Amino acid sequence: MTVTALAVDLGSSSGRVIAGVLDDDRITETEVHRFPHTAAMRDSYLCWDLDLIRQEMIKGLQLAVERFPDAASVSIDTWGVDWVALGADGEPLTPGRCYRDERTSRTLAAFRERLPDEKAWELTGTAPATINSANQLFAYLSEEPESAARTEQILFLPDWFTHLLTGARGWSRSIASTSGLCAPGVNDWAGEVFDALGIPRSWVGELTPEYGIAGPCTIPGLEQLTVARAGAHDSACAVAALQRDEGATCFLSAGSWSVLGVLRDEPLLGEQARALGLTNEARADGGVRPLFNITGLWILQECQRDWKAAGQVHDIAALVEAAHRADSLGVVIDPDDPRYAQPGSMVERVTEALRAGGASAGINQGQLVRALCESFAERYARGVRDLAALTGQAPTQLNLVGGGSRNTLLCDLTARSLGVPVLAGPAEASTLGSLLGQFEITGALDPARRNEVIAATAETRIHRP
């Protein structure tokens, strides 16, 4: 039997609608629609154009149904931490604020007075960070009290877009786990965090289990679709596309953020985990993902934006090829350095850091891109060593998925830094994970056959040290 599902994958720089056809234990994916988007300043805040994303999502779904008239289900995943504030009429009270907005830096000192970092970790098992939803909501209460006073509830982004399709409200476990508002293990909210920060508990409902149905789609022309919750967080979807084995599954989802972690049934807690900056996020299919959120290809993407504005080469394939040919500068940067967290002038900032580290004055594009790939690889190696120390189990392989798996130089350098093979792919792991989840939810796929379907579907490569 042939079954078709649709995956809406919304990243922080682009969105896409993918159709997946399950036939003979293999999924064939077709990209139906892709669109760029970016955050921009609006009323002194960095905001997402959620109206544009909604319009493009619906356009993509309409195109998908025209092209795949037997499509039966759809699920939506997005990046983490961001949310929409709803008034009593159910409409957004403000534009969708971006996690990179500086408001959380302005309110950080007051936040820490209410909730010190050590206490936040104890209550949540989540690494303190200004991007966390908890920090954003505290800034919202502090800087926009009139809007906050009119707020009835908040919905995280994938739940907001699911709500637009169905009218149903939910707080999906995997996306809620990125918020800094959940208790360790992500089976309940951390009530003490809400109380300490003055965030009304009424702003959220009960955590919503995933791998379930949100409801029928109510958008005219799309009523044939059942809207599923097959993983609200893109990284949770990505790890759902990994083949599982009996040992520790160490994964790296390399996109704008590099998410490096392991799959477990219980969170990793304790002082050592806190000191290393570990965070415990939820899997869509149950269990948790202890991981490090590392500033990733965002730095390279911002460099590409700078080069495009300057009329220089900015195509990623051409840049990686130039980096392959370039000599190493012998200098790396720390991707986690806060100086790389904000958009704009990234080439200048990276160049300055490389020169401060001892690089020569003349740094061409190939050398800069190579230095970034070397920097990421070294950071990944350090993260893998830290995970091995915490779990007591060193991985024999790293599963590298997401867009970064297409970067052959990055994969080669990562394998060299780790000293173990890197299994690169699938590149479109989030959509594959979403499709797998939908097929399991609707009964089209036996979960016991998941590994076989992934092996038959995913394009992978082995990079050896």
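**Figure 1. Who sits around F156 in this predicted model.** Leaving aside residues up to four places away in sequence, F156 touches D82, W83, S133, W171, I175, A176, S179 and W189. The residue belongs to strand β9, which covers residues 153-156. With a relative accessible area of 0%, F156 is buried, because anything under 20% counts as such. For a sense of how the chain folds back here, look at T78: F156 and T78 are 78 residues apart in sequence, yet their C-alpha atoms are 9.3 Å apart in space.

**Figure 2. The largest nonpolar core, with F161 in the picture.** This core has 70 residues, and those with the most contacts inside it are L6, L61, F161, L165 and W189. Helix α1 (residues 50-67) gives the largest share of the core, seven residues. Pick out F161 and you'll find that it touches L10, L50, I53, R54, M57, I76 and T78, again not counting residues up to four places away in sequence. There is also a second, separate core of 54 residues, which includes V331, L354, I363 and L390. As background, nonpolar side chains tend to be buried together in soluble globular proteins.

**Figure 3. The span that UniProt lists as a domain.** An unreviewed UniProt entry lists residues 5-235 as "domain: Carbohydrate kinase FGGY N-terminal". In the model, that span is 33% helix and 26% strand. The end C-alpha atoms of residues 5-235 lie 19 Å apart.

**Figure 4. T107, in a loop between two helices.** Here the chain goes from α2 (103-106) to α3 (108-114), with T107 in the loop between them. Is T107 buried or exposed? T107 counts as buried, because its relative accessibility is 8% and the cut-off for buried is under 20%. Its contacts, not counting residues up to four places away in sequence, are F138, A139, S142 and E143.

**Figure 5. E144 and R97, a salt bridge between distant parts of the chain.** The closest N and O atoms of E144 and R97 are 2.6 Å apart. E144 comes from the loop between α5 (133-143) and α6 (145-149), while R97 comes from strand β8 (residues 96-97), and the two are 47 residues apart. Both ends of the bridge are out of the way: E144 is buried, with a relative accessible area of 11%, and R97 is buried too, at 6%. In general, side chains of opposite charge can pair when their charged atoms come close.

**Figure 6. Two more salt bridges, R16 with D9 and D285 with R283.** The structure holds 23 salt bridges. For R16 and D9, the closest N and O atoms are 2.8 Å apart, and both residues are buried. D285 and R283 have their closest N and O atoms 3.2 Å apart. Here the two partners are not alike: D285 counts as partly exposed at 31% relative accessibility, whereas R283 counts as buried at 10%. Follow the shared partners and you get a network in which salt bridges join D9, R16, R406 and E428.

**Figure 7. An open sheet of seven strands.** Which order do the strands take? Reading across, the order is β14-β15-β13-β12-β16-β17-β18, and the pairing is mixed. The edge strands, β14 (279-282) and β18, each pair on one side only. On average, neighbouring strands of this sheet are turned by 30 degrees against each other, direction ignored. Zooming in, β12 (residues 250-254) and β13 (residues 257-262) pair in the antiparallel sense over five bridges, with C250 standing opposite V262 in β13.

**Figure 8. Helix α16, packed on the sheet.** α16 touches β16, β17 and β18, and its direction makes about 45 degrees with that of β18. The buried residues of this helix (residues 408-418) are L409, L410, C411, L413, T414, A415 and L418. Which elements do they pack against? The buried residues of α16 pack against the helices α13 (316-325) and α15 (365-391), and against the strands β16 (398-401), β17 (422-424) and β18 (461-463). Just after α16 comes G419, whose phi is positive, near 80 degrees.

Conventions:
Residues numbered from 1 in each chain as written. Heavy atoms only, no water. Buried < 20%, exposed > 50% of the residue type's maximum accessible area, 1.4 Å probe, protein only. Helix = DSSP H or I, 4+ residues; strand = E, 2+ residues; numbered from the N terminus. Contact = heavy atoms within 4.5 Å. UniProt positions renumbered as here; feature names shortened; annotations may be inferred. Core = buried A, V, L, I, M, F, W, Y, C linked by side-chain atoms within 4.5 Å. Salt bridge = Lys/Arg side-chain N within 4 Å of Asp/Glu carboxyl O. Pairing = 2+ DSSP bridges. Axes fitted to C-alpha atoms, helices over the stretch in contact; angles between N-to-C directions.
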